[in-house]
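Visitor: Could you take me through this model and explain the reasoning behind the terms you use?

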Amino acid sequence: MTHGTPPSFPHRHLLGIEGLTRPEIEGLLDRADAAVDISRQVEKKRVTLRGRTQINLFFEPSTRTQSSFELAGKRLGADVMNMSVASSSVKKGETLIDTAATLNAMRPDIIVVRHQSAGAVHLLARKVDCSVVNAGDGAHEHPTQALLDALTIRRNKGRIEGLQIAICGDVLHSRVARSNIISLQALGARVRVIGPSTLLPAGIERFGVEVFTNMREGLKGCDIVMMLRLQRERMNGSFVPSVKEYFRYYGLDGDKLALAKPDALVMHPGPMNRGVEIASDIADGAQSLIREQVEMGVAVRMAVLEALACHLPNE
Ligand code: CP
């Protein structure tokens with residue numbers, strides 16, 4: 001799929017950004033650049049995964065990740081099965097391990113998993129014979145989101161090295177923030193996190209990021225403003241006084257965005273809560289990359305599936 005000979009990817013699974021080297025991340029981004037070209041053609045089908053079976057196993061809701069993994073697998077020629085957990089035997093009390101063993105017996109080649117518990121995808125990967133891709137586990141990691149974000153930034157800014165990137169909002173509950181901090185720093189960016197102290201993990205400085213609780217201060221001089229969703233489904237108790245207050249101090253509107261660099265670009269992994277963490281006119285405005293992030297999601301997932309293909313049995 002890549003234009004030149006791709007460097008081989010040395011891992012059987014993609015469970016996180018943590019543990020990947022800079023050349024490995026950049027290799028995936030290069031593959032994804034080539035996949036963007038394929039996805040923009042009329043004829044999008046390739047044969048890399050012809051005859052292979054990919055199962056998408058999502059224990060949490062998803063629009064972008066699940067549909068883009070399905071498209072990516074199909075564009076590479078795989079047979080893709082989306083397993084609906086809502087109507088599966090998980091609802092009758094079957095454990096994650098038993099579900100994994102059951103699916104493993106059907107001899108899939110790749111399982112893509114999203115789970116509400118941090119570490120669940122690592123556990124599942126130890127119980128199956130095929131490659132496993134983490135599509136988001138609790139507040140731990142969302143590696144393909146970080147890769148698509150890096151690809152979007154690199155294609156728009158021409159580089160990641162030296163950029164000042166602000167990750168804003170509910171960092172505490174965000175797997176996207178964690179994967180992006182690791183990935184963007186590995187690629188040479190300087191990363192700030194911005195949010196109310198109740199939504200910043202204790203000891204976040206240890207990740208090498210600058211920390212701001214005042215959004216107006218934190219946005220000054222930024223090249224990229226990455227907003228995060230307020231993840232109320234992961235909150236036990238009240239982390240913000242009210243949505244109205246939250247938007248006033250931490251919602252991205254035109255006044256706050258004007259404090260970043262004039263050519264700053266705005267990102268959001270989705271799903272967005274308009275009027276909570278981001279104003280509608282900013283989400284849909286000229287500086288927004290949010291739609292492009294979705295397009296890059298398919299390309300990055302094609303790149304990841306292709307990179308893992310060399311580890312599949314009989315390959
Ligand atoms: N960004 C993201 O993971 O979106 P979905 O929950 O829709 O997959």
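Guide: An oxygen atom of the ligand is 3.0 Å from a polar backbone atom of Arg-64.

Visitor: What makes that pair with Arg-64 a polar contact?

Guide: A polar contact is a pair of N or O atoms within 3.5 Å; inside protein, one atom must be able to donate a hydrogen and the other to accept it, and residues adjacent in sequence count only if both atoms are side-chain atoms. The distance at Arg-64 is 3.0 Å, within 3.5 Å, so the pair qualifies. An N or O atom in the side chain of Ser-62 is 2.6 Å from a ligand oxygen, and for the side chain of Arg-114 the value is 2.9 Å. The protein buries 92% of the 250 Å² that the ligand exposes when taken alone, with accessible areas from the Shrake-Rupley method and a 1.4 Å probe.

Visitor: How far should I trust such details?

Guide: This is a predicted model, in which local features need pLDDT of at least 70 and side-chain atom pairs count only at pLDDT 80 or more, while totals for chains, interfaces and linings use all residues. Residues are numbered from 1 along each chain as its sequence is written, and side-chain values use heavy atoms, leaving out hydrogens and water.

Visitor: Why are two residues of the shell around the ligand called charged?

Guide: Asp, Glu, Lys and Arg count as charged, and the residues surrounding the ligand include Arg-64 and Arg-114, so these two belong to that class.

Visitor: What makes residues of domain 1 and domain 2 count as in contact?

Guide: Contact means heavy atoms within 4.5 Å, and 36 residues of domain 1 are in contact with 29 residues of domain 2.

Methods: Near = heavy atom within 4 Å.
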